[in-house]
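Reader: I'd like to go through the labels on this one. Can you tie each to its definition as we go?

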Amino acid sequence: MVTPQYIGIPLEELNPDNIARMVAHAGVVVIRDSGATPEEYAEWSLGLGYHLSPEIWCTDKEHSDLFWTVTNEMVDERNQGLFGDYELDWHTNMTPVADAEEVIGLYAKTITYETETWFASSIPYFNQLPEKKQNLLRELTVVHDPKRTLGLIKEAWQPKFGEIYGEEVLREIQKNRNTREIFNALNMESENKHKFGASRGIMNNHRLVPKHPLGVEGLFFSPYEIHTFLKDGEPYEHSEELFNELWNDYVCNDRYVYQHTWKEGDICLFDNVIGIHRRPDILKDKPRKLLRTATWYKSHMRKHHDYVV
């Protein structure tokens with residue numbers, strides 16, 4: 001997958017609006033050797049999109065109120081950072097909460113061995129489809145099974161949070177899901193707060209082709225969450241066939257996947273609406289720490305303020 005990379009350019013010379021547009025249209029943007037500290041990245045990221053300040057066990061307040069800590073290290077006496085040392089297969093962070101942040105950023109703070117994150121963007125895949133197939137996909141609803149009660153086309157991958165974390169952390173995760181409202185963003189302009197609807201929380205049914213805030217087209221396809229597809233409100237008779245087609249031709253196709261090998265100071269920004277990401281299994285005995293930001297595209301860049309998926 002062709003991935004824009006900015007190498008050796010100081011972060012302050014990169015316009016956040018331009019980078020945000022690039023993320024939306026390319027799916028993934030990589031910034032290397034910028035020389036930016038975590039604090040400088042956090043400050044720059046305020047221009048990229050709207051942020052919440054996470055109140056959760058794995059924050060990194062030492063560097064910024066914006067950061068989540070994705071690490072296999074212990075962050076307190078009981079718990080590792082976000083997702084610990086578990087493998088993460090293909091997913092989007094817009095599930096299970098439908099109206100969650102649209103752009104994810106990762107800053108490599110501590111890298112002690114060769115380790116990767118993989119990103120897949122459905123934009124180039126969708127763009128090369130025949131118009132008839134694009135129109136079909138626009139008509140479909142994808143049905144997720146976030147509570148694992150309906151049944152899944154593909155056997156679920158899911159971290160076992162109850163085994164990884166204590167009860168206090170599980171309560172914090174639930175509280176965070178309940179308070180992810182865009183109009184609560186700490187850098188939201190007061191005149192724009194009324195333009196956004198309240199979060200709809202955990203949902204099953206979504207547009208397969210989202211109403212992306214910047215107008216690009218791709219797929220909201222998180223493969224391990226999918227129960228079926230609907231057309232005109234009724235079960236689509238070729239659901240499993242379509243799923244296998246998207247899995248094989250999009251997710252398992254190197255043309256649409258970028259594999260990033262981390263080094264300290266790297267920044268990867270990726271669209272959470274029309275893309276998915278994964279990380280292969282990581283070493284349990286060598287530190288790996290990424291500082292994570294999560295943002296919504298800013299109001300002045302958006303083509304609409306409606307719900308996206």
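Author: Sure. This is a predicted model, where local features need pLDDT of at least 70, side-chain atom pairs count only at pLDDT 80 or more, and totals for chains, interfaces and linings use all residues. Residues are numbered from 1 along each chain as its sequence is written, and side-chain values use heavy atoms, with hydrogens and water left out.

Reader: What is the order of the strands in the open sheet with S5, S14, S7 and S12?
Author: The order is S5-S14-S7-S12, with antiparallel pairing. Strands here are DSSP E runs of at least two residues, and helices are H or I runs of at least four, numbered from the N terminus.

Reader: What makes S5 and S14 a pair?
Author: Strands pair if DSSP finds at least two bridges between them. Two bridges join S5 to S14 (residues 275–279), so they count as paired. Leu88 has Arg279 in S14 as its bridge partner.

Reader: And how do you know that S8 and S9 pair?
Author: S8 (residues 140–144) and S9 share three bridges, in the antiparallel sense, and Val142 has His206 in S9 as its bridge partner.

Reader: Why are S9 and S11 called edge strands?
Author: Each has a single partner strand, so one side of each is left without a neighbour in the sheet. Their open sheet runs S9-S8-S10-S11.

Reader: Which residues of H2 are called buried?
Author: Buried means under 20% relative accessible area, exposed over 50%, partly exposed in between (1.4 Å probe, protein chains only). In H2 (residues 38–48), the buried ones include Tyr41, Trp44 and Leu48.
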